[in-house]
Amino acid sequence: QVQLVESGGGLVQAGGSLRLSCAASGRTTSTYAMAWFRQAPGKEREFVARISREGTVTYYGDSVKGRFTISRDTAKNTVYLQMNSLKPEDTAVYYCAATTRAAYSTPNYSRTDHYFYWGQGTQVTVSS
């Protein structure tokens with residue numbers, strides 16, 4: 001089992017920045033690829049970013065490319081999401097997820113069912 005706990009959410013004005021953290025514990029978390037998803041009210045959960053277990057390969061959703069950066073600190077078992085140039089449409093609950101699957105296995109990395117473990121989420125609200 002892997003436990004994931006997100007933090008760092010909050011209220012920010014458009015154009016501002018936030019950094020989310022996801023602390024992992026349990027089974028050898030360094031063997032897991034990690035990702036961030038988000039879900040706005042009334043919408044499906046959306047892929048945001050993924051980072052490989054080594055931290056060398058990253059993927060981003062089209063809506064956040066160039067603004068968000070995913071990273072990980074293996075020694076701290078923590079994954080980060082640096083969010084810059086925030087927009088009101090970034091408002092959502094942000095979830096951390098973990099998987100042992102290869103990125104292009106079926107289902108692939110952008111799908112929620114690619115991941116085995118999920119955190120409880122942290123709210124991000126961007127005001128206009």
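These legends go with a set of close-up views of a predicted model.

**View 1. Four strands side by side in an open sheet.**
Start with the order of the strands: S1-S3-S8-S7, paired antiparallel in an open sheet. S1 and S7 sit at the edges, each pairing on one side only. Ignoring direction, neighbouring strands here are turned by 15° against each other on average.

**View 2. Strand S8 and its two partners.**
Here we zoom in on S8, which covers residues 78-83 and has 5 of its 6 residues buried. On one pairing, S3 (residues 18-26) runs antiparallel to S8, and 6 bridges join the two. Look for Ser 21 standing opposite Tyr 80, and for Cys 22, whose bridge partner in S8 is Val 79. The other pairing is with S7 (residues 68-73), again antiparallel and again with 6 bridges. In that pairing, Thr 69 has Gln 82 of S8 as its bridge partner. As a general reminder for reading such a view, side chains in a regular strand alternate between the two faces of the sheet.

**View 3. The hairpin turn between S7 and S8.**
S7 and S8 form a hairpin with 4 residues between the strands. The residue to pick out is Asn 77, which takes a positive phi near 50°.

**View 4. The disulfide between Cys 22 and Cys 96.**
How many disulfides does the model hold? The count comes to 1. This disulfide joins Cys 22 to Cys 96, with the sulfurs 2.1 Å apart. Its angle about the S-S bond is -80°, which makes the link left-handed. Cys 22 belongs to strand S3 and Cys 96 to strand S9, so the link spans distant parts of the chain, 74 residues apart. Don't go looking for this pair on the surface: Cys 22 and Cys 96 are both buried.

**View 5. The largest nonpolar core, with Tyr 94 in the picture.**
This core has 29 residues, and the members touching the most other members are Leu 4, Met 34, Trp 36, Leu 81, Met 83 and Tyr 94. Plenty of strands chip in: S1 (2-7), S3, S4 (33-39), S5 (46-51), S7, S8, S9 and S11 (122-127) each supply at least two residues. Tyr 94 makes a good anchor for the eye, with contacts that include Leu 20, Trp 36, Val 48, Phe 68, Leu 81, Met 83 and Val 124. Tyr 94 also touches charged residues, among them Glu 6 and Arg 38. A second, separate core has 8 residues, including Ala 35, Phe 37, Ala 103 and Tyr 109. In general, nonpolar side chains of soluble globular proteins tend to be buried together.

**View 6. A network of salt bridges.**
Of the salt bridges in the model, which number 6, this view shows those in a network linking Arg 38, Glu 46, Arg 67 and Asp 90. Glu 46 and Arg 38 meet through their side chains at 2.8 Å, N to O. What sets these two apart is their exposure: Glu 46 is partly exposed because its relative accessibility is 32%, while Arg 38 counts as buried because its relative accessible area is 5%. Asp 90 and Arg 67 form a salt bridge too, with their closest N and O atoms 2.8 Å apart. Asp 90 lies in the loop between S8 and S9, and Arg 67 in the loop between S6 (58-60) and S7, so their salt bridge ties together parts that are 23 residues apart in sequence. Is this pair buried or exposed? Both Asp 90 and Arg 67 are buried.

**View 7. A salt bridge between Asp 113 and Arg 111.**
The closest N and O atoms of Asp 113 and Arg 111 are 2.9 Å apart, and the two form a salt bridge. Asp 113 is partly exposed at 37% relative accessibility, and Arg 111 is partly exposed at 44%.

**View 8. Tyr 104 in its loop.**
Tyr 104 is in the loop between strand S9 (92-99) and strand S10 (117-118). Tyr 104 counts as exposed because its relative accessible area is 58%. Leaving aside residues up to four places away in sequence, Tyr 104 touches Tyr 59 and Tyr 109. For scale, Tyr 104 and Ala 75 are 26 Å apart, C-alpha to C-alpha, and 29 residues apart in sequence.

Notes:
Residues are numbered from 1 along each chain as its sequence is written. This is a predicted model: local features need pLDDT of at least 70, side-chain atom pairs count only at pLDDT 80 or more; totals for chains, interfaces and linings use all residues. Side-chain values use heavy atoms; hydrogens and water are left out. Buried means under 20% relative accessible area, exposed over 50%, partly exposed in between (1.4 Å probe, protein chains only). Two strands pair if DSSP finds at least two bridges between them. Contact means heavy atoms within 4.5 Å. A nonpolar core is a set of buried Ala, Val, Leu, Ile, Met, Phe, Trp, Tyr and Cys residues joined through side-chain atoms within 4.5 Å. Axes are lines fitted to C-alpha atoms, for helices over the stretch in contact, and angles run from 0 to 180 degrees between N-to-C directions. A salt bridge is a side-chain nitrogen of Lys or Arg within 4 Å of a carboxyl oxygen of Asp or Glu. A disulfide is a pair of cysteine sulfur atoms within 2.5 Å.
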